[in-house]
Amino acid sequence: MGVRMQFLEDPRGGERLWRLLSGNNRPLAMGRGGRESPQEELAAVRRLAREAEPALRRDPEGRWRWELAADNGPDVRCPGVFARRIDARRAFHRFTQAVELAEVTSGQLTQREQR
């Protein structure tokens, strides 16, 4: 299976979440769905990845992460943290390449993801 953008429906009726997964199920990015359809959300995330620069942020523990946001558009963030800023930037670069190859799938939130 290739790269996919998996949309997760909240059984409680909350916001639809998504995650971008590599071919080996490794999470590359995550966000909240706000578009009319999953295909439109994927297209918006692709546009954002092509046009925007990531915000590289350091948390209080000194770990790095990347985030993307657009006015009236998707919010995208990395699913993990990195010891070095360069590693966060490399992860963002992997995301920008992978999102171009992604296909849409669906699923349901697990108990852990519902928290």
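Arg-89 is partly exposed in this predicted model, with a relative accessible area of 30%. Its partner in a salt bridge is Glu-53, and the closest N and O atoms of the two lie 3.6 Å apart. Arg-89 belongs to helix α2 (residues 85-99), while Glu-53 sits in the loop between α1 (38-51) and β4 (55-58), so the salt bridge ties together parts that are 36 residues apart in sequence. Glu-53 has a relative accessible area of 60% and is exposed. Because the cut-off for exposed is over 50%, Glu-53 at 60% falls in that class, whereas Arg-89 at 30% is partly exposed.

Side chains of opposite charge can pair when their charged atoms come close. In the whole structure, a search finds seven salt bridges. Two of them involve Asp-87. With Arg-84, Asp-87 forms a salt bridge with an N to O distance of 3.0 Å. Arg-84 is partly exposed, at 46% relative accessibility. With Arg-90, Asp-87 forms a salt bridge with an N to O distance of 3.6 Å. Asp-87 and Arg-90 are both in helix α2, three residues apart, which means that about one helical turn separates them. The relative accessibility of Arg-90 is 44%, and this residue too counts as partly exposed. Elsewhere, Asp-59, Glu-61 and Arg-63 are joined into one network by salt bridges that share partners.

The strands can be followed from Glu-15, which is placed in the loop between β1 (4-9) and β2 (16-21). Glu-15 is partly exposed, with 47% relative accessibility. Along the chain, Glu-15 and Arg-32 are 17 residues apart, and their C-alpha atoms are separated by 6.9 Å.

Strand β3 (residues 27-33) runs antiparallel to β2, and six bridges join the two. Where β2 and β3 face each other, Leu-21 stands opposite Pro-27 in β3. The two strands form a hairpin, with five residues between β2 and β3. In the turn of this hairpin, Asn-25 has a positive phi of about 70°.

Strand β3 also pairs with strand β6 (residues 75-77), again in the antiparallel sense, over two bridges. In this pairing, Met-30 stands opposite Arg-77 in β6. Strand β3 thus has pairings with β2 and with β6.

Notes. Residues are numbered from 1 along each chain as its sequence is written. This is a predicted model: local features need pLDDT of at least 70, side-chain atom pairs count only at pLDDT 80 or more; totals for chains, interfaces and linings use all residues. Side-chain values use heavy atoms; hydrogens and water are left out. A salt bridge is a side-chain nitrogen of Lys or Arg within 4 Å of a carboxyl oxygen of Asp or Glu. Helices (H or I, at least four residues) and strands (E, at least two) are DSSP runs, numbered from the N terminus. Buried means under 20% relative accessible area, exposed over 50%, partly exposed in between (1.4 Å probe, protein chains only). Two strands pair if DSSP finds at least two bridges between them.
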